[in-house]
Amino acid sequence: MAQLMQIWIENMNTVLDDNKKLCLPNSEIIAMSPTMSMIFEVGDLAAASPATVSRCGMVYLEPASLGWKPMLTSWVASLPKALGAKSKHHLEVLFDWAVPACLRFVRRELQELSPTDDAGLARGAMRVVESCLDDFLPEARGTSEGGNVNQPPGAALDESSKAKQLEGLFLFALIWSTGATCDSAGRVKFDRFFRVLASGGVPDGYGNYMPAKKPILTVPSIPMASRQTVYDYRFDRPTCSWVPWMDSVPILAIPAGTGFADIMVPTKDTARYSYLLDLAVQHRQSLLMVGPSGTGKTSIIAAHLLGGRGLSPEQWVPIAITLSARTTANMLQQQVTSIACLIAACMCCVAAVNNYFQRAGYAGLLGVPSHKCAHVLRTDH
């Protein structure tokens, strides 16, 4: 989905006519066959003229009319088979129980730093849960001695253990999806709301957004330490317990000769945002980090992606693109396209060049090897 651009949409009017002919600036005419038709998926019609609108049949799809539940149904069906039908149904019940109330609380009480829709927040929770289910994925290769495919470690768990782990992962995912787009004051409000919800209660004024029959959670409650919120804890799936982010902060060791600008003091913010960033990158998911200037977004991402602290250089190739106030959309597109074309060109000529090098006595590789992935970091200054 994108916005219409007046520069090119007006040139499509002749294609949208009955003759279906595209008139190019060089006086060349390209005719479409009678069996061909065009479909535009756009966000709005701000740049569309009456001539364009009159030539197209309009179908308006309101996000609220579709909702997020069809997305949940298709997502649950795509989960690993090792979870089992009972665990999948339990996870679907958890979403139907808590997500509507959380979405209503976000729209009613919180101020978001970046606008979102309900389907996007629900999809964010699904992605976090899915990223933590690696133990239920089948192994790509390898068979047992009897010739049977090796079962994933999660398949050996009983139903009660699966349910407890899914409940903890679901609560953790709700915190970092529906409760992750608000400001600092909103997090305090969400903490009070979410603790009542996670304990099995009904927050005041939200009974109409929750089912009459609520699931009974078996996962331990989130600790209520002094001056600690639900954002200060991470769910540890192997132990089914809530672990403070500070417990995963490493001891700071500054090598001799390190510049002051290169020193990053680990805090709970660096721990939790690096963890979420690693989850998204390792599972091929896009991530947008939003915040005011000077909050350490670029430093955290660069240390994890470019500094070699999180991603193995044997599997990932970093590509950094810096934006400025003078960077236009076309300039950014050209940078990304040129890098992608360069990588694709290198990949296409790797075999031929390698054969030449081998004949010449060299054993080097050009381009990005096939067993590596390239990640692009876009930041502004």
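I began with Val-265, which counts as exposed because its relative accessibility is 52%, just past the cut-off of over 50% for that class. The model is predicted, and I keep that in mind for every entry below. I placed Val-265 in the loop between strand 4 and helix 10 (268–282). I then asked which residues share a nonpolar surface patch with Val-265, and I found Leu-252, Ile-254, Phe-260 and Ile-263, the patch having about 500 Å² of accessible area together.

Next I turned to the interior. The largest nonpolar core holds 58 residues, and I noted Trp-75, Phe-95, Phe-170 and Phe-194 as those with the most contacts inside it. The elements giving two or more residues to this core are helix 5 (69–77), helix 6 (84–109), helix 7 (118–131), helix 8 (159–175), helix 9 (184–198), strand 3 and helix 10. Helix 6 supplies the largest share, eleven residues. I set beside this the general tendency of nonpolar side chains in soluble globular proteins to be buried together.

Strand 3 (residues 233–236) was my next stop. I looked up where its side chains point, and I found Tyr-233 and Phe-235 directed one way, Arg-234 and Asp-236 the other way, with all of them buried. This fits the rule that side chains in a regular strand alternate between the two faces of the sheet. Strand 3 pairs with strand 4 (residues 241–244) in the antiparallel sense, over four bridges, and I noted that Tyr-233 stands opposite Pro-244 in strand 4.

The hairpin of these two strands has four residues between them, and Cys-240 there takes a positive phi near 50°. I marked this value since most residues other than glycine have a negative phi. Cys-240 is buried, because its relative accessible area is 13% and the limit for that class is under 20%. I found another positive phi, near 60°, at Arg-284, which I placed in the loop between helix 10 and helix 11 (297–305). Arg-284 is exposed, since its relative accessible area is 57%.

I also checked the cysteines for disulfides, and the count comes to zero. Cys-102 counts as buried at 0% relative accessibility, and Cys-132 also counts as buried, at 13%.

Last, I went through the salt bridges, of which the structure holds ten. Arg-107 forms one with Glu-112, the closest N and O atoms being 3.0 Å apart; Arg-107 is partly exposed at 32%, whereas Glu-112 is buried at 18%.

Which residue forms a salt bridge with Asp-232? I found Lys-268, with the closest N and O atoms 3.0 Å apart. The pair links distant parts of the chain, 36 residues apart, with Asp-232 in the loop between helix 9 and strand 3 and Lys-268 in helix 10. Asp-232 counts as buried at 5% relative accessibility, while Lys-268 counts as partly exposed at 28%.

In helix 10 I looked at Asp-269 and Arg-272, whose side chains meet in a salt bridge at 2.5 Å, N to O. They are separated by about one helical turn, because they lie three residues apart in that helix. Asp-269 is partly exposed at 31%, and Arg-272 counts as buried at 6%. I closed the entry by noting that salt bridges with shared partners join Asp-232, Lys-268, Asp-269 and Arg-272 into one network.

Terms used. Residues are numbered from 1 along each chain as its sequence is written. This is a predicted model: local features need pLDDT of at least 70, side-chain atom pairs count only at pLDDT 80 or more; totals for chains, interfaces and linings use all residues. Side-chain values use heavy atoms; hydrogens and water are left out. Buried means under 20% relative accessible area, exposed over 50%, partly exposed in between (1.4 Å probe, protein chains only). Two strands pair if DSSP finds at least two bridges between them. Patches are made of residues with over 30% relative accessible area and no salt bridge: like charges are joined within 9 Å, nonpolar side chains (Val, Leu, Ile, Met, Phe, Trp, Tyr) within 5 Å. Accessible areas come from the Shrake-Rupley method with a 1.4 Å probe; for residues, only the protein chains shown count as cover. A salt bridge is a side-chain nitrogen of Lys or Arg within 4 Å of a carboxyl oxygen of Asp or Glu. A disulfide is a pair of cysteine sulfur atoms within 2.5 Å. A nonpolar core is a set of buried Ala, Val, Leu, Ile, Met, Phe, Trp, Tyr and Cys residues joined through side-chain atoms within 4.5 Å.
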